[in-house]
Amino acid sequence: MNLELLKYVLRILTKVIANEDTNKMSALNLSIVFGPNIIWSSTDSASLTTLNYINAFAFLLLTQPEDILPQD
């Protein structure tokens with residue numbers, strides 16, 4: 001269920017990235033905004049160092065989801 005939701009959100013965000021010229025939301029910008037919301041620990045508080053890794057992983061999810069997520 002969570003994986004399917006993640007794939008759905010990534011499909012939407014990929015469409016946003018495709019219109020980057022009009023909406024100014026690049027993959028990097030979206031990874032900064034959505035990374036902490038998608039990849040977050042419910043038990044640990046995040047430091048600024050941790051946020052860098054979270055945003056980097058979110059960027060990879062947005063730009064190369066086929067390399068990270070299992071295929072259907």
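## Asparagine 55 and its contacts

Two residues are in contact when heavy atoms of theirs lie within 4.5 Å of each other. In this predicted model, asparagine 55 touches Ser31, Ile32, Gly35 and Pro36, when residues up to four places away in sequence are not counted.

Asparagine 55 itself belongs to helix α4. Its relative accessibility is 16%, and a residue under 20% is called buried, so asparagine 55 counts as buried.

## Helix α3

Helix α3 covers residues 27–38, 12 residues in total. Its end C-alpha atoms are only 14 Å apart, whereas a straight helix, at 1.5 Å a residue, would reach 16 Å. The span of α3 therefore falls short of the straight-helix value.

The buried residues of α3 are Ala27, Leu30, Ser31 and Gly35. Viewed down the helix axis, these buried residues fall within an arc of 120 degrees, so they line one face of α3. They pack against two other helices, α1 (2–18) and α4 (48–63). Two of the buried residues of α3, Ser31 and Gly35, are also among the residues that asparagine 55 of α4 touches.

## The cavity

A search of the whole structure yields 1 cavity of 30 Å³ or more. The largest cavity holds about 40 Å³ of space. Its lining consists of Leu10, Leu13, Leu30, Ser31, Phe34, Gly35, Ile38, Ile39, Ala58, Leu61 and Leu62.

Which helix gives the largest share of this cavity lining? Helix α3 does, with 5 residues. At least two lining residues come from each of α1, α3 and α4. By chemical class, the lining of the largest cavity divides into 9 nonpolar residues, 2 polar residues and no charged residues. Leu30, Ser31 and Gly35, which line the cavity, are also buried residues of α3.

## The largest pocket

The largest pocket has a volume of about 180 Å³. It is lined by 10 residues, and those closest to its centre are Lys7, Arg11, Pro65, Leu69 and Gln71. Two elements, α1 and α5 (65–68), give two or more residues to this lining.

Helix α1 provides the largest share of the pocket lining, 4 residues. Here the lining residues divide into 4 nonpolar, 2 polar and 4 charged. Charged residues thus appear in the lining of the largest pocket, whereas the lining of the largest cavity has no charged residues. Helix α1 contributes to both places: it supplies at least two residues of the cavity lining and 4 residues of the pocket lining.

Key
Residues are numbered from 1 along each chain as its sequence is written. This is a predicted model: local features need pLDDT of at least 70, side-chain atom pairs count only at pLDDT 80 or more; totals for chains, interfaces and linings use all residues. Side-chain values use heavy atoms; hydrogens and water are left out. Buried means under 20% relative accessible area, exposed over 50%, partly exposed in between (1.4 Å probe, protein chains only). The arc is that of the directions from the helix axis to the C-beta atoms. On a 1 Å grid over the protein atoms alone, a cavity is a set of points where a 1.4 Å probe fits but cannot get out, and a pocket is an open set with protein on both sides within 12 Å along at least five of seven lines; lining residues have an atom within 4 Å of a point. Grid points are joined across faces, edges and corners, and a volume is the space filled by probe spheres set on the points. Ala, Val, Leu, Ile, Met, Phe, Trp, Tyr, Cys and Pro count as nonpolar, Asp, Glu, Lys and Arg as charged, and the others, Gly among them, as polar.
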